[in-house]
Amino acid sequence: MAWLDSLSPQTQFVFFTLLKIACVLGPLLTLVAYAVLAERKVSALIQDRVGPNRVNLPLIGSIPVLGPFLTKLGFWHPLVDGVKSFIKEDFTPAHVRKIYFWLAPAISLVPAFLVVAVIPFGSTLGAQKMVIADLNVGILYTFGIVSLGVYGIVLAGYAANSKFPFLGGIRASAQMISYEIAMGMSVIPVFLVVGDLNLGKIIEHQAQNGWNAFPVFGGGFGLQQWLLVPCGVVSFVIFFISALAETNRLPFDMAESESELVSGYHTEYSSMKFGMFFIGEYANMFAGAAMMTTLFLGGWTLPFLGLDQPADSILMGLVHIGIFMGKMLGFMFIFMWLRWMLPRFRYDQLMDLGWRRMIPLALANIILTAAVLALTNR
Amino acid sequence: MAFPDILFYICAFLTLLFGALVVANPFSRNPVTSAMFLVLTIISMSGLFLLLNAFFLATVQILVYAGAVMVLFLFVIMLLDLKEEQRRKINLFGIVTGTASVAGLGVLLWGTIWSQRSPANPDLKLIGDTKALGLELFTKGQFLLPFEIVSVLLLVAMVGVILLSKKELK
C-alpha cells in the first residue's frame with residue numbers, strides 16, 4: 001500500500017471515491033438481477049408453485065450435487081433474463097416521440113442509482129467511511145433525487161403517444177407528487193428527534209438512543225423515549241406506505257395497472273429499454289429499503305454485542321455491512337410479500353389515502369413529536 | 001483558474017443555455033420540451049448554489065422546483081391540447097422585445113451589483129449551513145416577519161384556490 005500513501009490527499013480521495021462507487025454499483029446491479037429472481041420465487045411460494053427451475057449451464061450443471069441444486073434454485077435465470085433482454089428486437093413504434101422515447105428509460109434509471117451515494121452502508125473499513133458522499137444534507141438530497149424519478153415514467157407515458165401509456169404517466173405524476181408530500185412530512189419527526197440532516201449522524205443518534213422506528217432499546221428507557229414510541233411508529237408506517245407508492249409497487253402500481261392499462265407507461269417498450277424500466281423499479285426498491293433501514297432501523301447497527309460502535313477492524317467493518325444488507329433485504333422481502341398478497345387500490349382510494357389520511361396524520365405526528373420534545377426538554 | 005471557478009463557469013453557461021432554450025428553442029416548439037429545459041435550468045442553478053456552499057438551498061431548489069412544481073407543470077401541459085402551440089414559429093417581434101428586456105434587466109443587475117460590491121470573502125460556511133439559515137429565518141432576526149408574511153400569503157393563495165375550484169358554493 002506504499003504507492004497509495006505516496007499520493008496526495010486529494011488523489012487518494014478521488015481514488016477511494018471511485019473505488020466505492022464501483023464497489024456499490026456492481027453488487028447493486030447484481031442484487032437487482034437477483035431481486036427479480038427472488039420476486040418470482042416469492043410469488044411462486046405464495047401461490048404454491050415451484051417457480052423458475054429450468055436454466056442449466058453446460059459445465060457447472062454437470063457437477064454432481066451442486067449443479068442440479070443451483071438449477072432448481074433458478075440461480076442462472078437472471079443471467080438468461082439479461083441476455084434475452086439484450087438480444088430481443090428493440091422495436092420503436094412509428095408513432096412515438098423518438099427523443100423522449102429514448103430518454104425516458106435512462107431518466108428512470110439514473111435517480112435510483114444516485115440516491116445510493118449518500119447511504120452509509122457500513123461504519124468504516126480501514127480508514128474509509130463506508131459512504132460514497134458524506135453530505136451534511138443527506139436526507140434532503142435523497143428526497144430531491146427521488147422527486148426527479150417521476151420524470152422517467154411521465155416522459156415514457158408522453159413519448160409513447162398513445163392512450164394507455166399516457167394515462168399511466170399522468171397517474172404516476174399525480175400519485176408520486178402526492179405521496180412525496182406524505183413521505184417528506186413523515187421524516188420531519190426524525191429530523192426533530194435527531195437534530196441533524198446527515199445520515200451518518202442519524203445512525204449515530206440511533207445507536208445511542210434506540211432505533212427511530214421504535215426508540216426504546218438502546219441507551220436508556222427514559223420517559224421521553226417511551227413518549228416518542230408512538231411518534232416513531234407512525235412516521236415509520238407512513239414512510240413505508242409512501243415508499244411503496246413512490247416505487248410504484250403493488251398495492252399502488254396505478255401507473256402500470258395491467259388489468260386497466262395493458263402495462264401502463266411502458267406498454268410501447270421492448271427489449272433492453274423495457275429492461276431499464278425494470279432495473280429502475282428494483283433499484284428504486286433497494287434505495288427505498290436502504291433509506292428505511294438508515295432512517296428508522298438504525299442502519300448498520302444492532303443494539304447488542306457491541307455492534308453499535310464504529311468498526312475497529314476489517315472484520316467488524318464487514319459484519320456491519322452484512323447487518324445493513326440483512327436489514328435491506330428484509331425490507332425487499334416485505335415489498336415482494338405485499339405485492340403478491342394485496343389487491344390493487346382504486347385510483348380514487350389511492351388519492352384519498354394519500355391526501356386525506358396520511359398527510360393530516362403526518363402533520364399531527366410532527367406536532368406531537370415537537371410537543372413531546374419541548375415538554376420533556378432536551 | 002481554480003477548479004471551483006471552472007465549475008462556476010460551466011454551471012453558469014448551462015443555466016443560461018438551458019434558460020434560453022426554454023423560451024426560444026429553434027429545434028422544437030413543443031411545450032413539454034420547454035418544461036424539461038426549465039428543469040435542467042433549475043438543476044444547473046442548484047449547481048451554482050452548491051458552489052456558494054448553500055447545500056440546503058441547492059437541494060431544496062431541486063426538491064421543490066425540479067421535483068414538485070415542474071412535475072405539476074408537466075402534468076397540466078400534457079393534459080392540454082397543444083397542437084396550435086407546436087406550430088407557432090418564433091417571430092421577430094418576440095425576439096426583439098425579449099432581447100431588449102433581457103438587456104435592460106442585465107444592465108440594471110450589473111449596475112446594482114457593481115455599486116453594492118460587498119467586502120471580499122464573506123463567511124460562506126455561515127451562509128450555507130442549514131442551522132444558520134433556520135436561526136436566521138425563525139428567530140427575531142431581520143427575516144422573521146417577512147418570512148411569516150410570505151407564509152400567510154401562501155396560505156391565502158391556497159384557500160383562494162380551494163374556494164375557486166369548488167363548483168357550487170353553499
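Among the elements of chain B, helix α6 (residues 124-128) of chain B has the lowest mean pLDDT, 57, and helix α8 (residues 144-165) of chain B has the highest, 90. Here pLDDT is the predictor's confidence in each residue, from 0 to 100. Helices (H or I, at least four residues) and strands (E, at least two) are DSSP runs, numbered from the N terminus. This is a predicted model, in which local features need pLDDT of at least 70 and side-chain atom pairs count only at pLDDT 80 or more, while totals for chains, interfaces and linings use all residues. Residues are numbered from 1 along each chain as its sequence is written, and chains are lettered from A and ligands numbered from 1 in the order in which they are written.

Over the whole of chain B the mean pLDDT is 81, and 86% of its residues reach 70 or more. For chain A the mean is 83, with 96% of residues at 70 or more. Among the elements of chain A, the lowest mean pLDDT (69) belongs to helix α1 (residues 2-5) of chain A and the highest (88) to helix α14 (residues 347-376) of chain A. The model scores ipTM 0.80 and pTM 0.85.

**Chain B and the contact between chains**

Chain B has eight helices and zero strands, in the sequence pattern α-α-α-α-α-α-α-α. Of its 170 residues, 16% are buried. A residue is buried if 20 or more other C-beta atoms lie within 10 Å of its own, exposed if 12 or fewer, and partly exposed in between, with C-beta atoms placed from the backbone. Two residues are in contact if their C-beta atoms, placed from the backbone in this case too, lie within 7 Å. Among contacts in chain B between residues at least 6 apart in sequence, 61% join residues at least 24 apart.

The contact between the chains takes 18 residues from chain A and 16 residues from chain B. On the side of chain A that touches chain B, α6 (138-148), α7 (150-160) and α8 (163-194) of chain A each supply at least two residues. The largest share of that side, six residues, comes from α6(A). By type, the residues on this side of chain A are 13 nonpolar, four polar and one charged. Ala, Val, Leu, Ile, Met, Phe, Trp, Tyr, Cys and Pro count as nonpolar, Asp, Glu, Lys and Arg as charged, and the others, Gly among them, as polar.

**Helix packing in chain A**

Two helix pairs of chain A are set side by side below. Axes are lines fitted to C-alpha atoms, for helices over the stretch in contact, and angles run from 0 to 180 degrees between N-to-C directions.

| Pair | Angle | Axis separation |
|---|---|---|
| α2(A) and α13(A) | about 45° | 9 Å |
| α8(A) and α10(A) | about 150° | 9 Å |

The angle in the first row makes α2(A) oblique to α13(A), whereas α8(A) and α10(A) are roughly antiparallel to each other. Angles under 35 degrees count as roughly parallel, over 145 as roughly antiparallel, 65 to 115 as roughly perpendicular and the rest as oblique.

α2(A) passes α13(A) in a right-handed crossing, and the crossing of α8(A) and α10(A) is left-handed. A crossing is left-handed if the near helix is turned anticlockwise from the far one by less than a right angle, and right-handed if clockwise.

In α2(A), A35(A), A38(A), E39(A), V42(A), S43(A) and I46(A) meet M332(A), F333(A), M336(A), W337(A), W340(A) and M341(A) of α13(A). The residues of this contact of α2(A) with α13(A) divide into 10 nonpolar, one polar and one charged. In the contact of α8(A) with α10(A), the residues divide into 14 nonpolar, four polar and two charged.

**Helix α9 and two single residues**

Helix α9 (residues 199-209) of chain A is mostly covered, with nine of its 11 residues buried. Among them are L199(A), I202(A), I203(A) and E204(A). The buried residues of α9(A) pack against α6, α8, α10 (223-246) and α12 (271-296) of chain A. After α9(A) comes G210(A), whose phi is positive, near 90°.

P105(A) lies in helix α5 (residues 98-115) of chain A. With 24 C-beta neighbours inside 10 Å, P105(A) counts as buried. Not counting residues up to four places away in sequence, P105(A) touches K273(A), M276(A) and F277(A). L79(A), found in helix α4 (residues 77-87) of chain A, is partly exposed, with 13 other C-beta atoms within 10 Å.
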